[in-house]
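Colleague: I am new to this structure and would like a close look at a single part of it, the disulfide and what lies around it. Please take me through that part slowly and explain each term as it comes up.

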Amino acid sequence: MELNNCGGATTMPGELDEGRRSFVKKVTATTLALGVGGIALQTGRFLKPNVLYEPARAFKVGDLSIFPIGSRIVIEGRGVEIVRERDGIHAVSLTCTHLGCLVKQVENDPDVAYACPCHGSTFAHKGEVLGGPAPKDLPWFEMYMDHTGALVVDTSKVNRERTKLVV
Ligand code: FES
């Protein structure tokens, strides 16, 4: 019988092979576990819908009572202003038609109603361009009253005729 002298310790030949086998088994088991785990993770990510959730383009802005005649109320986070006049109510986009900055309301000016802080475009009360680089008027969006009496603005539909909702 031949004895191995490994690092000063004397071992039998079978003991050394057993240690290698055990090591190879652990490496194989770990590699398999990592592989299966990776596949499971990727499968889970594949099954989850890869979509970008955006807010609905049609949204309620409230009851008519919160928009008194003569008011111009900005709907925060939506880039829309609700304007109520004697002959109806409408929704104006506050997104500048030049490069998309949000325009600001101009108070107490008979001609200018909106001004863009980015490059200085100005717009009249119905959204018409008065000056600056903006190429088009501010669009109006479709508005309607739903079955609960709430006013709804649909920013996916441009009101090309600029008709007011008569309420
Ligand atoms: S983005 Fe409004 S003028 Fe340029």
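Modeller: What follows starts from the disulfide and then moves outward to the strands, the cores and the domains.

This is a predicted model, in which local features need pLDDT of at least 70 and side-chain atom pairs count only at pLDDT 80 or more, while totals for chains, interfaces and linings use all residues. Residues are numbered from 1 along each chain as its sequence is written, and side-chain values use heavy atoms, with hydrogens and water left out.

A disulfide is a covalent bond between the sulfur atoms of two cysteines; here the term is applied to a pair of cysteine sulfur atoms within 2.5 Å. A search of the whole structure finds one such link, formed by Cys 101 and Cys 118, whose sulfur atoms are 1.9 Å apart. The pair links distant parts of the chain, with Cys 101 in the loop between β6 (88–93) and β7 and Cys 118 in the loop between β8 and β9 (122–123), 17 residues apart. The link of Cys 101 and Cys 118 is left-handed, with -95° about the S-S bond. Cys 118 has a relative accessible area of 38%, so it counts as partly exposed (buried means under 20% relative accessible area, exposed over 50%, and partly exposed in between, with a 1.4 Å probe and protein chains only).

The strands named here are DSSP runs of E with at least two residues, numbered from the N terminus, and helices are runs of H or I with at least four; two strands pair if DSSP finds at least two bridges between them. Four strands form an open sheet in the order β7-β8-β9-β10, with antiparallel pairing, and its edge strands, β7 (104–105) and β10 (129–131), each pair on one side only. Between β7 and β8 (residues 114–115) the antiparallel pairing runs over two bridges, and Lys 104 stands opposite Ala 115 in β8.

Two other cysteines, Cys 96 at 4% relative accessibility and Cys 116 at 7%, count as buried. A nonpolar core is a set of buried Ala, Val, Leu, Ile, Met, Phe, Trp, Tyr and Cys residues joined through side-chain atoms within 4.5 Å. In the largest core, which has 13 residues, Val 61, Ile 82, Met 143 and Val 153 touch the most other members. Apart from that core lies another, of twelve residues, among them Cys 96, Tyr 114, Cys 116 and Leu 138.

Further along the chain, β12 (150–158) is joined by five antiparallel bridges to β3 (residues 58–63) and by five antiparallel bridges to β11 (residues 140–145). Leu 151 in β12 stands opposite Gly 62 and is also the bridge partner of Met 145. The hairpin of β11 and β12 has four residues between the strands, and Gly 149 there takes a positive phi near 95°.

For the wider setting, the unreviewed UniProt entry carries the annotation "domain: Rieske" over residues 59–152; its positions are given in the numbering used here, feature names are shortened, and annotations may be inferred rather than shown by experiment. Over residues 59–152 the chain is 0% helix and 41% strand, and the end C-alpha atoms are 5 Å apart. The protein chain is divided into domain 1 (4–47) and domain 2 (58–158), with bounds that come from an automatic or database domain assignment. The centres of domain 1 and domain 2, taken over C-alpha atoms, are separated by 67 Å.
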